[in-house]
Structures are given as C-alpha cells and as structure tokens.
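Please open the structure in a viewer with the sequence panel visible. The tour proceeds by selections, each followed by a description of what is found there.

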Amino acid sequence: MGRSYFVEETVGQYLSELTKSKPLVTGLLVGQCAPQRDYVILAIQTPPKEEESKSSAGYSSELSSIDEEWTTAHANQVSRMLPGGLLVLGVFTVAVPELSKEIQNILRKLVFSVEKSLARKRLWSISEEDVSDRVALHLCSATKNWERILCRTYDVQDPKSTSKPADWKYQNSLSTSWLSLECTVNANIHIPLLATSACHELEKNIRNGLTRWAKQIEEAVILINGQVKEDDADLVDGQKKSGRGITPSATQSFNARVLTKLSQKSDSRSTATVQICSGSINLKGALKCKAYIHNNKPKVKDAVKALKRDVINTLSDRCEILFEDLLMNETPGKKSLEREYHALPCRVFAPITGSCVPVCDYKFGDETFGEIQERFLEMLDQAVQAEDLHTVEEMSTVEVIPPKEFPDDIQHKHLTKQTLLLKLHQNIGVVIAVAVAVSAAAFSFNYFSD
C-alpha cells in the first residue's frame, strides 16, 4: 500500500489556479513527514528566470525549458525559509495529459536532484525512522477536471527506486491547530583553522566545526515545559483523538530547553591533539528556534527531533548567508586598517494563509521589510503584509579588528576574490568580537591568530 498525502485545501486552490493559467509549470511541495502519512501545507511554483521568454513554442520546447539546476537552487532557498518540522517533500508539475510519460521521467530526476542537493547541506544525521519517500505530482492541464492527478513516490535512499502510487487527499484547516515548540539556545563554538590547510579548505574546516557542534545538539536532552518526557510518549497528555486527529480550540505551544552534555562518559577514553593553527572562528550568541508538529497524536521524539534540527539549520544557514553576503560585497585587493562592523542577519517570521505554521527569512540591518516581502513573493509565492512580519531577534553588530602585516607574509599573493574572503588572511587572522544584547539572538565571528 502506498503512502497517503493529506493536503491543505488552500494548496488545492493554488494548484487549481496554476492549471488554468499556465500550460506548463513546475514547483515544490512543502510539508511534514509522519510514520503513517505526510502532510502538505504549501505548494510553490518555480520562479521564472530573468531571461526566460514567456512565449511557448510547443510541447517539446516547453519540456526542454524545465531546468533541473534552477529547480534545485530554488529548493535550497526554500529550505532555508522553513521552521523546524517542515521540509521539501517533493515536486509537482502542471502539464497536458499527453506528456504523462515524459513528465514522470522529468519528475523523477527532479526528486532525486533536489534531495541530493538538500542532503549535501545537512549537518544533522538521518535516523532509521526518517521517511525516505518523496512525492512527484503531475497535474493535468487542458482538462475540465483539474483534479485529474497522478501522484507517485520514490525512495530517495535507493537510486534504483521505481515509482509507487500514493493517495492525494485534500483536507480543510489541516494545519490551523498544529503544535509548536520554542526555545533559546546559547551558542559558544570555537573552530580552529589549521595553518597547513589550503585556502579552499577553509569552508570545509568551518563545516567540520559546525558538524561537531551539531552532534552535541543531536545528543542533547530536551526539557519540555520543564520536564523530561519519554521518547515514545504522547506530546500532549490525555489528548482526544477524532477521525482527523485532535481538535484543540487553539494552537498549543510548548517551551523547551536544550541541555547539552558537559563532558564525555567516565568510561570513555579522551585524547588530545596539538595542531598549529593560523586563526580561528568563534560563534557566540543566542538562537531563537521554533518547530511545528502535526496534531494527530504526535510523539515526543518527533517534536524533539524537529526542534533540534531547527537549532542546527538556523545556525548553519546564518553562516552560509553571511559568507555569501561578504563575498558579494567584498572589494578585490582591499585591506582595511581600521575596525569594521558588519550587521548579522536576524530571523523574521511570516504567516502562511490558512495555517498556524509560519515561514521565515533572514534580514540584515541595511535591508528593508520591503525587500523581505519581495523575497517571500519571489521564493515562496506568498504575498506578505509588512505588519505581519515578526522579528524574534534584535539586530546586533560584529566588530572586525584587521590583521597586522608581518615580513614573512608572502604566501598566496595572487588570491581570487572568493579566496580573499574565505582565506580570511590565513597567515595572520582577523579578530571579530560581538556584543550580544540581553534579549537578542545573534552571532559573532571571532578570527584571531597566535
């Protein structure tokens, strides 16, 4: 028996509009996996390229216009904008019935390509209980019955996986009363940068450091409303189940606390390694994290897993966004001898129509809310009002103390723009300090040498 997909009614309305307005369109499906069923709460069409022509030149040219790399890049951006508990469940396309066979081949490629790209960026580990099926949905256009769909799933852990049929069921108010968990995590991460590392390995060093920290988060103990609960226990005690899960009068929220281990077990042997480092990175600050879980008798372990992954994802995404911003704005050959200050991105949440589950984005200090609204519209196809944007963190600054010159600093004189940024003056180092506000959630990057 195939998997069942319970779909928010607003998603059906969105897809219906696409079938009426466009002959061919691809997009992403966002929701949550559960052991017995999956929940789809958002459908997002792939944004067009700037140079893409709006005119169609027949079926063949339309199919060839489906860009695997562009769809994958869109999925990476969307993944950043999801709170804990949500993920990209698969892809969809709107096309005429005559192209059913060709479309299925394209959808299969997109499903595996998207999942491979997303998995490459993950810092957390896949568990045996994680659902590996991803959905490929084909909606038929140019037909009176827009609900004529072909829903298939593929096991993305098996490259030779063949399609399996799946049920696609619409449900009204599917995610209006999901449960939420919130926590604040204080981070203080030290990442040494080896003096022997090549410049292109700096990003790898940072990732390795974040991976070690992510493992600590995965092994941490989570207190829910001040209590430790058994993994297999129900998240909500004494909840009453109806035909479609529990029906609380309002969204229920839980306060969580993350407790990491201070030391290794006494029976485990610890070793120390001495390494020559040219610099280091310190990440300090507080993380505001949110996770959402379906209300159909959820287990504690599922809620805890969603929250931990949000903690890991939001830190990883901030690092990636900061590096991208610095790379785009770096002046080639520039060496400042004065302190510089960089604003770090804060997390901004926005509601989804017909759902209690929000989406999010990251905002730098020099960005306006208008720019955030534009990104929500471009990446998620969601029109968000400025008054609905909710910033959970205050803006903080990063203080940059530039390096001093030494006579023996002669290596890698001809660095590219990207290398200049990522190298971060490897032989000397840069010291960065951050003042974190009491209620703020921000990070500091501290580069320093011996």
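The stops below go from a sheet to its neighbouring helices, then to salt bridges, a surface patch and two backbone angles. The model is a predicted one.

**The open sheet**

Begin by selecting the strands of the open sheet, which number 8 and follow the order β7-β6-β5-β4-β2-β3-β1-β8. Their pairing is mixed. The edges are formed by β7 (164-165) and β8 (167-171), each of which pairs on one side only. As a general point, strands of a sheet pair through backbone hydrogen bonds, in either a parallel or an antiparallel sense.

Next, select residues 25-33 and 37-45, which are strands β2 and β3. These two strands are antiparallel and share 7 bridges. Within the pair, G27 faces Q45 of β3.

Move on to residues 133-140 (β5) and 149-155 (β6), an antiparallel pair joined by 7 bridges. Here the residue opposite D133 is D155 in β6. Continuing outward, β6 also runs antiparallel to β7, with 2 bridges between them. R152 has P165 in β7 as its bridge partner.

**Helices α3 and α4**

Select residues 68-80 to display helix α3, which lies across β2, β3 and β4 (87-95). Relative to β2, helix α3 runs at about 35 degrees.

Then select Q104, a residue of helix α4 (residues 100-121). Is Q104 buried or exposed? Its relative accessible area is 12%, so Q104 falls under the 20% limit and is buried. To see what surrounds Q104, leave aside the neighbours within four places in sequence and display its contacts: H138, L150, R152 and Y154. One of these, R152, is the residue already met as the bridge partner of P165 in β7.

**Salt bridges**

The model holds 19 salt bridges. Select K49 and D67 for one of them, in which the closest N and O atoms are 2.3 Å apart. K49 belongs to the loop between β3 and α2 (59-64) and D67 to the loop between α2 and α3, so this pair ties together parts that are 18 residues apart in sequence. Both ends are partly exposed: K49 has a relative accessible area of 23%, and D67 has one of 25%.

Now select D232 and K301, a salt bridge whose closest N and O atoms lie 3.0 Å apart. Which parts of the chain does this pair tie together? D232 is in the loop between β10 and β11 (253-259), while K301 is in helix α6 (residues 300-329), so the linked parts are 69 residues apart in sequence. D232 is exposed, at 54% relative accessible area, whereas K301 is partly exposed, at 26%.

For another pair, select K215 and E219, which form a salt bridge with the closest N and O atoms 3.3 Å apart. E219 is partly exposed, with a relative accessibility of 39%.

To finish with charged groups, select R80, K121, E320 and E324 together; salt bridges link these residues in a network.

**A nonpolar surface patch**

Switch to a surface representation and select V221, V228 and L259. These residues make a nonpolar surface patch of about 230 Å². V221 is located in strand β10 (residues 221-224). Why can V221 count towards such a patch? A patch residue needs over 30% relative accessible area, and V221 is partly exposed at 38%, so V221 passes that cut-off.

**Two positive phi angles**

The last selections concern the backbone. Select S173, found in the loop between β8 and β9 (179-194). The phi angle of S173 is near 55 degrees, a positive value in a residue other than glycine. S173 is partly exposed, with 36% relative accessibility.

Finally, select D381, in the loop between α7 (369-380) and β16 (390-391). D381 is not a glycine, yet its phi is positive, at about 55 degrees. Its relative accessible area of 25% makes D381 partly exposed.

Terms used
Residues numbered from 1 in each chain as written. Predicted model: local features only at pLDDT ≥ 70, side-chain atom pairs only at ≥ 80, totals over all residues. Heavy atoms only, no water. Patch = residues over 30% accessible without salt bridge, like charges linked within 9 Å, V, L, I, M, F, W, Y side chains within 5 Å. Areas by Shrake-Rupley, 256 points an atom, 1.4 Å probe, with all protein chains shown as cover. Salt bridge = Lys/Arg side-chain N within 4 Å of Asp/Glu carboxyl O. Helix = DSSP H or I, 4+ residues; strand = E, 2+ residues; numbered from the N terminus. Buried < 20%, exposed > 50% of the residue type's maximum accessible area, 1.4 Å probe, protein only. Pairing = 2+ DSSP bridges. Contact = heavy atoms within 4.5 Å. Axes fitted to C-alpha atoms, helices over the stretch in contact; angles between N-to-C directions.
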